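Hi,

Here is the structure I promised to pass on. Have a look at it first, and my notes follow underneath.

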Amino acid sequence: MRWLWRLMTLLLLLGFLRSLIVPQPKAFIDWPERPNWERKIQVEMKQLQKLTQDLPTSIEVEVRRFWKDFQPNGDGKEV
């Protein structure tokens, strides 16, 4: 039984020495690119179009009319 304690103590000592001698791996933090708002809006519009195609016809017409009323005209004055 004494050999078991000696073996455990030896393993703990070796682990401690290894953590002191061997350098820890360096972590690299990868920052994502700036969000591409145009691409994000296009993806959301495609998802909205897919969802509206699954709706019944009367609801689809209302959603299309609503989307047409609030679509930006591109002159940059609307907020």
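E62 sits in helix 3 (helices are DSSP runs of H or I with at least four residues, strands are runs of E with at least two, and both are numbered from the N terminus). With a relative accessibility of 45%, E62 counts as partly exposed, because that class lies between buried, under 20% relative accessible area, and exposed, over 50% (1.4 Å probe, protein chains only). T52 is ten residues away from E62 in sequence, and their C-alpha atoms are 9.8 Å apart in space.

A word on what you're looking at: this is a predicted model, where local features need pLDDT of at least 70 and side-chain atom pairs count only at pLDDT 80 or more, while totals for chains, interfaces and linings use all residues. Residues are numbered from 1 along each chain as its sequence is written, and side-chain values use heavy atoms, with hydrogens and water left out.

As for confidence, pLDDT is the predictor's own score for each residue, from 0 to 100. The chain has a mean of 77, with 78% of its residues at 70 or more. Helix 3 (residues 57–69) has the lowest mean among the elements, 75, and helix 1 (residues 2–21) the highest, 87. Where pLDDT is low, don't read the predicted coordinates in detail.

Overall, the chain has three helices and zero strands, in the order α-α-α from the N terminus. Just 3% of the 79 residues count as buried. The chain exposes about 8,700 Å², and 63% of that comes from carbon and sulfur atoms (areas by the Shrake-Rupley method with a 1.4 Å probe; for residues, only the protein chains shown count as cover).

Now to helix 1. Its 20 residues reach 29 Å from first C-alpha to last, close to the 28 Å expected at 1.5 Å a residue (the expected span is 1.5 Å times one less than the number of residues). Helix 1 is hardly covered, with zero buried residues. L14 lies in this helix and is partly exposed, at 48% relative accessible area.

Cheers
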